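Biologist: Got a minute to go through this one with me? I'd like to start with how the helices pack and then move on to the sheet.

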Amino acid sequence: MASTSPRSVFQAFVLDVFFGVYLAITLHRIIWHRVLLNSEPNELTMPLAIVYGSIGVVLAILLHAMKASPGRKIFGLTIPGWRDALAVHMLWIAGVATVVTSWVVTKVSLIDLFSGDRLQRAGQLFGSLFTPEFSIAGQAASAMVETIYLSLMATLLALPITFVLGFLSARNLMKQNNTTFVVYNLVRIATNFTRSIEPLIWAIIFSVWVGIGPFAGMLALMVHTIASLAKLYSEQIENIDPGPMEAIEATGASPLQVVWFAVVPQIVIPFLSFTIYRWDINVRMATIIGLVGGGGIGDLLMQYQGLGRWNEVGLIVLLIAAVVWLMDYISAKVREAIQ
Amino acid sequence: MSQNILQLRDLEKIYPNGTHALKKLTLDIREGEFLVVIGLSGSGKSTLLRCLNRLIEPSGGSILFAGRDVTFLKGSELREYRRQIGMIFQQFNLIRRRSVLYNVLSGALGTMPVWQSILGRFPEELQQEAMRSLEIVGLKDKPLIRADALSGGQQQRVAIARSLMQKPRILLADEPVASLDPATSHSVMQYLERINKEFGTTIICNLHFLSLVRRYATRVVALKGGELVFEGNPHDIDEAWFKRIYGEDAIEVQID
């Protein structure tokens, strides 16, 4: 027994209620109805939800009181013997129910994947993709150029903002007094929040805001670039050698001079390297962002896909793969060279 | 005798983690002396040096510089005070990717307007002065070499040249030769001695090797657990004192 503090007993009980309700819902709605009866369960209305909730809570109280509950098992608070075995059975049943539920919810169907006519359709599609239509090469190339330039623009416009934010979110520089520490926390919260929204979603937001096209895609990439690079920059600043800062401070230099003369020389190269890498990532992302109206090669891909012209799509996919590989190679070489 | 340039009164330092690094330290430092501070690692030597130029804030007591209380200086007054005190470090603390000249010039930042320094516009006089500083430490043929391309001893001499740009009245040296080999150690110590004798700069230096202490110091203080346990002539440190400062099991190691 690990500990019998009231706190862990309570935490175990909270887990037990979760297990109770979770088992009531998955066992009845998925395992019983969908798997065993192969029927749709009733719509989940409020009264029905209350029924599931009550069954779950009653189950939880009962098992918890018997010291035979899954929550207790997790905290090591069961009594050895049949009670402990019961708790273990509950845990594996919950595990199996979860896997089965995932399978059912995902509508996994081996028939759809491997039946004769489906396979034939896939064969045709791959056949078209592997015989690309080169007559649209010019159109595809100019769309690709648009993608490369829009991602370069996004990276360049993000750069000065990121540079400042990187310093403002570096703990070692901002911890000196309360005012700067408040700024540090605000910047951290803002960039963390911005970063947690995928560029694809930013592209949807901006295509509504400024209209579909490369500008919306550029803005989406820029916002996400600022948020992710600011984090990399600030981590780099936090890892610098503090010795030179101390030395410059000791000469009677002002805080801005300390940053400029002791911090900046240590981070220029890593910043440059991160930025080039980010451009590389942005080219890759720009192709995806085009799918939701962010301009460039992704836009073109969506148009031909909508028309079902798979040979053209094949050429575009080929071009994207080639450019992404090339960008990856070049950025790796450049980053190696400036180290 | 000469005047006291620094007077420490009941100086205290307690770190946020509870370490009591300096305990009621009272000490006078005379203008123009070569004072060496000895003691085990963790005895408070580095803390003491950094309290003197306020890189570390003392928790109590006071510091008088040429009779003036500098314990609570802030902002530009603090920077003005720091400009009069040079400092060199065990790890040299140069900006490794920049040239020797750039590193030496950075010692003059306190005398320049911020915008001018950030644009990198160091006036002609400062550049000449930087070259003179390099000449003093015997490196005038290396101004454009990257700092990290130099040997350890040369890097420490660049650091000395950087501090000379401040025309300091006091030079703090925190274990200046602890990362160097014996021959180079003597070379660096001789430059400090020369600055002490030619410019009358007061030197306050933390050292580990007693042989160096006897050779260069005009006066020695020893710290143990943040307290002053010895103050006097370097040649008065005999076997008994040595064991009191460094502990019963310590054996003196020679550096030639």
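**Helices, a loop and a sheet**

Modeller: Sure, and keep in mind that this is a predicted model. To begin with the packing, helix 10 of chain A passes helix 13 of chain A in a right-handed crossing.

Biologist: How do the axes of helix 10 and helix 13 of chain A lie: parallel, perpendicular or oblique?

Modeller: The two axes come within 10 Å and cross at roughly 55°. That angle makes the arrangement of helix 10 of chain A relative to helix 13 of chain A oblique.

Biologist: Which residues of helix 13 of chain A meet helix 10 of chain A?

Modeller: Helix 10 of chain A covers residues 199-209. From its side come Pro199(A), Leu200(A) and Ala203(A). Their partners in helix 13 of chain A are Met285(A), Ile288(A) and Ile289(A).

Biologist: Is Gly293(A) buried or exposed?

Modeller: Gly293(A) is found in the loop between helix 13 and helix 14 of chain A. It touches Ser207(A), Ile212(A), Gly213(A), Ala216(A) and Asp299(A), leaving aside residues up to four places away in sequence. Its relative accessible area is 6%, and the cut-off is under 20%, so Gly293(A) counts as buried.

Biologist: What end-to-end distance does helix 11 of chain A have, and what should it span?

Modeller: Helix 11 of chain A runs over residues 214-238, and 18 of its 25 residues are buried. At 1.5 Å a residue it should span 36 Å, which agrees with the distance between its end C-alpha atoms, 35 Å.

Biologist: On to chain B. Which strands stand at the edges of the open sheet?

Modeller: The sheet has six strands in the order 6-7-8-3-9-10, with mixed pairing. Each edge strand has a single partner, so one side of it is left without a neighbour in the sheet; in chain B these are strand 6 (85-88) and strand 10 (227-232). From one strand to the next, the twist averages 20°.

Biologist: Which residue in strand 10 of chain B stands opposite Ala222(B)?

Modeller: Strand 9 (residues 219-224) and strand 10 of chain B run antiparallel, joined by five bridges. Opposite Ala222(B) in strand 10 stands Phe230(B).

Biologist: What is the relative accessible area of Thr202(B)?

Modeller: Thr202(B) lies in strand 8 (residues 202-206) of chain B. Its contacts, not counting residues up to four places away in sequence, include Ile5(B), Ile29(B), Arg169(B) and Leu171(B). Thr202(B) is buried, with a relative accessible area of 0%.

Note on methods. Residues numbered from 1 in each chain as written. Chains lettered and ligands numbered in written order. Predicted model: local features only at pLDDT ≥ 70, side-chain atom pairs only at ≥ 80, totals over all residues. Heavy atoms only, no water. Pairing = 2+ DSSP bridges. Helix = DSSP H or I, 4+ residues; strand = E, 2+ residues; numbered from the N terminus. Axes fitted to C-alpha atoms, helices over the stretch in contact; angles between N-to-C directions. Buried < 20%, exposed > 50% of the residue type's maximum accessible area, 1.4 Å probe, protein only. Contact = heavy atoms within 4.5 Å. Expected span 1.5 Å × (residues − 1). Parallel < 35°, antiparallel > 145°, perpendicular 65-115°, else oblique. Left-handed = near helix turned anticlockwise from the far one by under 90°.
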